[in-house]
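Got your viewer open? Take a walk through this model with me, one selection at a time.

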Amino acid sequence: CAGFPLSIFFIVINEFCERFSYYGMKAVLTLYFTRFLHWEANFATAIYHTFVALCYLTPILGAIIADSWLGKFKTILYLSIVYTIGQAVLSVGSINELTGGSSNNLGLNIALSMIGLVLIALGTGGIKPCVSAFGGDQFEEDQEKQRSTFFSLFYLSINAGSLLSTLITPTLRASQCGIHTKQECYPLAFGVPAILMAIALVVFVIGSRMYKKVKPQGNVMLEVSKCVGFAIKNRFQHRSKEFPKREHWLDWASEKYDKRLIAQTKMVLRVLFLYIPLPMFWAVFDQQGSRWTLQATAMNGNFGFQIQPDQMQIVNPILIVIMVPVVDSLVYPLIKKCKLNFTPLKKMTVGMFLGSLAFVAAALVQVQIDKTYPVFPAAGQTQIKLINLGAVPATVQFQPQLQSVDVAPKRETGYLTFETSKLKSLHIVSATLNKTEYLKQLEGGRYTLAFKWDFVDINSKLIYDNMTSKPENGKSLVRFINNFPFATNITMGDTNFGKLAPLSVSNYSDVPQPDWLYVITATMPLASCSVSSKKFGYGGAYTISVDNCVAGKLNITYFEDMAPNTVHMAWQIPQYFLLTCAEVLFSVTGLEFSYSQAPSNMKSVLQAGWLLTVAVGNIIVLIVAGASTIKKQWAEYVLFAALLLVVCIIFAIMASFYTYIDPNEIEAQFTEEKEEHKKDQEDNEKEAEVDSRM
């Protein structure tokens, strides 16, 4: 096919399906932890980053297995089977009915989920260093152009899989499913990636007879590790002053390893030394899937169509696809025309600085979100909200002599805060009637007092609101209060709130799709009335009073117990833009720089070192999330921004002392020396042969 081996099409399709599977699962993982497993945000963040760290530690294991034992084909095959099993186990673990639908008995769900994630990390990490290299093995030496095109197609399939899955799986997650109770559909959100991984495995196996399978050649990482280990051991054994010093500590390996390997190892270690500060960048970068997703749950995702919080991650791959060609074809040439020496290490330094700015932007957004959060009562405090359900204005006096509040008909007050020990009663005056409501058994927290004037008396009801935070699943909550003088059954869509006595209040219930309209129906002894609801938005809480029925139409009044999310998700775009700019300057340039400064046969060592920096970066996040005592999220963002800025300065200083080299020139010197040595050896052998004949 156009000079391409047919086998590479199976490899490209396999990579697309695998990346769809991985990124689709990873996109919804944080919300799965917080909403399904009901884990606290810090713990969910720590487990998420533990998983990501494991995904970037296992490639080293995969590379060693492939190069030293099984070969690339068998490594990809066996670990893909492990990967597929892991995705299936995770999908099964997310089924609510496994434990009878109880949120208090999630032990089996947690166990299966953790087993699934460990298997996925082994699978995705283990095959990561093998697939692209296996694709490269399919080409002959004279097919350089086709090989280059293959790698372009390969990375296009990665981006396509990432883009589509980050768009699709959050939509599947937001849908409703379940046998006994309807809730967010995690089995489907994890099941589709599991199916895609199974397809990836089948496609890879179908092409098996067409593949060129190179036998294991031995792993250069092990050789480098042995060389470094022997040098350290030998230096330690000869540490006394009687042994002469050597130019470089690695030269102590010269007794066992040839000069070429030692020189190559020196070049690699010079680059790896520059890697030391890099984990801090990844600690910031990989929080897109954890902290930034949790931030989006408290924001308004209405773009004319509803964007799910975990779908905002799609901004990064979209911007990458746009920005890489723009930066390469416009920005860098423009900098070059200005005669600025924008070296790879300077690009990486600027990338770190932009990453720090991205978290400053995230902190500013978080400050605005925090302003919209309700203030809940502290210890020893009580909050009371007043709702006047009658047609006559009222005045409420909090006793003893604390505060007096006027409440208009069909209106509410905000939550009023009092010291629990001081609040004894409240006195309601409406028209010519009055009533005293005694508050003897308040235990702190939030309460609503609903009252109504009805000619001969003032009816009232004190309701405990049982609300201590914004809804954890990001949806809105509604409850109903019956303002009819007789018992009424109330439904909204498919949700039945039950039969309510006069002035009785239902429990709060989730609005299944907060951006939909629902039919609210009140069924009374002799009639039934209905009306269409408003759109409730995300993150709010409402009390709806069913007031009266006119010509079959139900009249209702909305009371806002908690404001919905008002800060728009579009405000996250600047931080995503800055972080994507940082990624283009840091990540793309970093790998390019690394490969340009090391011998061609040492690229796998540098790739292992690079992936290790990603793993360490995620370990930094899980340590901070697990040990941090910072209460405000914006302050944690500022902490990460400050840490990355400090590391950026350290890296800039380290980079200023770095001298760029050309590995090919050094390699050429060794080649010439080897040829000269070989020639001398041949001459000596000829002389010896002549001597022996004489």
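Here is a tour of the model, stop by stop. Keep in mind that what you see is a predicted model.

**Stop 1: the cores**

Start by selecting Met25, Leu29, Tyr32, Phe33 and Phe51. These residues have the most contacts inside the largest nonpolar core, which has 132 residues. Now centre the view on Leu29 and show what lies around it. Leaving aside residues up to four places away in sequence, Leu29 touches Tyr48, Phe51, Leu117 and Phe190. Apart from this core lies another one, of 20 residues. To find that one, select Phe480, Leu500, Ala522 and Cys529, which are among its members.

**Stop 2: rings meeting rings**

Next, colour the aromatic residues. The structure holds 45 aromatic pairs. Try Phe139 and Phe150: their ring centres are 5.7 Å apart and the planes make an angle of 45°, a tilted pair. Phe139 sits in the loop between α5 (107–137) and α6 (144–174), while Phe150 is in helix α6, eleven residues apart. Are these two buried or exposed? Both Phe139 and Phe150 are buried.

Then jump to Phe230 and Tyr257. Why is this pair called edge-to-face? The planes stand at 70° to each other, with the ring centres 6.1 Å apart, so the pair counts as edge-to-face, because the cut-off for that label is an angle over 60 degrees. Phe230 belongs to helix α8 (residues 220–237) and Tyr257 to the loop between α8 and α9 (259–274), so the pair ties together parts that are 27 residues apart in sequence. Switch on the surface here: Phe230 is partly exposed, at 22% relative accessibility, whereas Tyr257 is buried, at 13%. The two get separate labels because buried means under 20%.

For a group of rings, select Tyr32, Phe33, Phe36, Trp39, Phe43, Tyr186 and Phe190. Ring pairs link these residues into a cluster.

**Stop 3: charges over rings**

Show Arg246 and Trp252 as sticks. The charged end of Arg246 sits over the Trp252 ring, 4.1 Å from the ring's centre. Now do that with Lys128 and Tyr22: Lys128 lies over the face of Tyr22, at 6.0 Å from the ring centre.

**Stop 4: a four-stranded sheet**

Switch to cartoon view and look for the strands in the order β5-β4-β8-β9. They make an open sheet of four strands with antiparallel pairing. Which strands are at the edges? Those are β5 (403–407) and β9 (433–438), each pairing on one side only. Look along the sheet and you can follow its twist, which averages 20° from one strand to the next.

Zoom in on β4 (residues 394–399) and β8 (residues 425–430). These antiparallel strands are joined by six bridges. Across this pairing, Val396 stands opposite Ile428 in β8.

**Stop 5: a hairpin**

Move along to β18 (residues 541–550) and β19 (residues 553–562). How many bridges do they pair over? Nine bridges, in the antiparallel sense. Select Ser545 and you'll find Thr557 of β19 opposite. The β18–β19 hairpin has two residues between its strands, and Ala551 there takes a positive phi near 55°.

**Last stop: a long line**

Finish by selecting Ser225, back in helix α8. Ser225 is partly exposed, with a relative accessible area of 48%. Draw a distance from its C-alpha to that of Asn483: the line spans 78 Å in space, between residues 258 apart in sequence.

Terms used: Residues are numbered from 1 along each chain as its sequence is written. This is a predicted model: local features need pLDDT of at least 70, side-chain atom pairs count only at pLDDT 80 or more; totals for chains, interfaces and linings use all residues. Side-chain values use heavy atoms; hydrogens and water are left out. A nonpolar core is a set of buried Ala, Val, Leu, Ile, Met, Phe, Trp, Tyr and Cys residues joined through side-chain atoms within 4.5 Å. Buried means under 20% relative accessible area, exposed over 50%, partly exposed in between (1.4 Å probe, protein chains only). Contact means heavy atoms within 4.5 Å. Two strands pair if DSSP finds at least two bridges between them. Axes are lines fitted to C-alpha atoms, for helices over the stretch in contact, and angles run from 0 to 180 degrees between N-to-C directions. Rings of Phe, Tyr and Trp (its six-membered ring) pair if their centres lie within 6.5 Å; planes under 30 degrees apart count as stacked, over 60 as edge-to-face and the rest as tilted. A charge sits over a ring if NZ of Lys or CZ of Arg is within 6 Å of the ring centre and within 35 degrees of the ring normal.
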